[in-house]
Amino acid sequence: MSKLIGWGDVDNGPKGKKGGGTDSKYLKLSGSIQGTSFRIRPVGDPCAFYAYYVASPDDPKRFNRAITEDPQNCVIAQKYNIEAKLRYATNVIDRADGKLKIMEAPASVFEAIKMWAKAAGQEPGGKGGADFEITVKIPANGDKKRTEYKTTPIIQTPWTDEDREAVKMVNDGKLWDLEKEFASTPQAEIEAKLFGPKKTAATGNAPAAPAAVAAKAGPASANDFGF
């Protein structure tokens, strides 16, 4: 299950080309051997969730992903001994084109933002937040599992008129609903989603999972940011 949390609840090379600036509502943090840099401004609170990644039986270069309600008691963990990975997502303004997008990233990226928040005494997604540069670097051998994410605070950036407009331009003036975007896959369907339709999920009473991460209500609309 994905849950909105507070920034304080987050756990856990040379600069290259610039990334971002697409029409998608998702900001994809794709990397390169030289390093690809993205400049973002967090908006609101982050969302935490646990996801499995399994190589696709049809294409080993691709991975199937499924978000689990409960990483400890999930049928995938019990049957395949696969560990779900903790991931985070948040609304951000992509400085490459000024648009409001969803950024998903490993825990290390959000941990760095959390540490800035602690030192600065500010909420990263609030009016006292900052711009951050995230440089994504893939090892020379091309092993994407060892991709590095260097996250650096750039400058404290109060909301601008352009930032307010970016929020108003999408989703009826509301932030993207992260809990909806990263909803968990039902236990009866998660096995087939990861391994293909030939797999049959275990039946029976799947445990009703408690929230894996403590929830904290986040802002839902532009008005919550003091725009």
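This section describes the fold, the nonpolar cores, two helices and a buried loop residue of a predicted model.

The protein chain contains five helices and nine strands. Read from the N terminus, the order of these elements is β-β-β-β-β-α-β-β-α-β-β-α-α-α. Confidence in the prediction averages a pLDDT of 84 over the protein chain, and 81% of the residues score at least 70. Residues 201–222 stay under a pLDDT of 50. For this segment the model nevertheless has 41 contacts beyond four places in sequence. Of the 227 residues in the protein chain, 45% are buried. The exposed surface of the protein chain amounts to about 12200 Å², and 49% of this area is supplied by carbon and sulfur atoms.

The largest nonpolar core comprises 21 residues, and Leu29 and Met103 are the members that touch the most others. Two or more residues each are given to this core by strand 4 (36–55), strand 6 (85–94), strand 7 (99–106), helix 2 (107–120) and strand 8 (130–137). Helix 2 provides the largest share, with six residues. When residues up to four places away in sequence are not counted, Leu29 touches Phe38, Met103, Glu104, Ala105, Ile134, Val136 and Tyr149. Another core, of 17 residues, lies apart from the largest one and has Phe49, Ala51, Ile93 and Trp159 among its members.

Two cysteines were examined for burial. Cys47 has a relative accessibility of 0% and therefore counts as buried. Cys74 is likewise classed as buried, because its relative accessibility is 1%. A disulfide is a covalent bond between the sulfur atoms of two cysteines. With a cut-off of 2.5 Å between cysteine sulfur atoms, the count of disulfides in the model is zero.

Helix 3 spans residues 161–168, and its buried residues are Asp163, Ala166 and Val167. These residues lie on the same side of helix 3, because they cover an arc of only 95 degrees around the axis. The face turned away from this buried side carries the exposed residues Asp161 and Glu162. Strand 6 and strand 7 are included in what covers the buried residues of helix 3.

Helix 5 spans residues 187–195, where Gln187, Ile190, Glu191, Leu194 and Phe195 are buried. The buried residues of helix 5 line one face of the helix, because they fall within an arc of 95 degrees when seen down its axis. They pack against strand 4, strand 5 (63–68) and helix 1 (75–80). Strand 4 thus appears in two settings, as it also gives two or more residues to the largest nonpolar core. Gly196 follows helix 5 and has a positive phi, near 110 degrees.

A further buried position is found in a loop. Thr147 is located between strand 8 and strand 9 (148–156), in the loop that joins these elements. With a relative accessible area of 18%, Thr147 falls under the 20% cut-off and is therefore buried. Apart from residues up to four places away in sequence, Thr147 touches Val136, Lys137, Ile138 and Pro139. Val136 is also among the residues touched by Leu29.

Key
Residues numbered from 1 in each chain as written. Predicted model: local features only at pLDDT ≥ 70, side-chain atom pairs only at ≥ 80, totals over all residues. Heavy atoms only, no water. Core = buried A, V, L, I, M, F, W, Y, C linked by side-chain atoms within 4.5 Å. Buried < 20%, exposed > 50% of the residue type's maximum accessible area, 1.4 Å probe, protein only. Helix = DSSP H or I, 4+ residues; strand = E, 2+ residues; numbered from the N terminus. Contact = heavy atoms within 4.5 Å. Areas by Shrake-Rupley, 256 points an atom, 1.4 Å probe, with all protein chains shown as cover. pLDDT = per-residue confidence, 0-100. Arc of directions from axis to C-beta.
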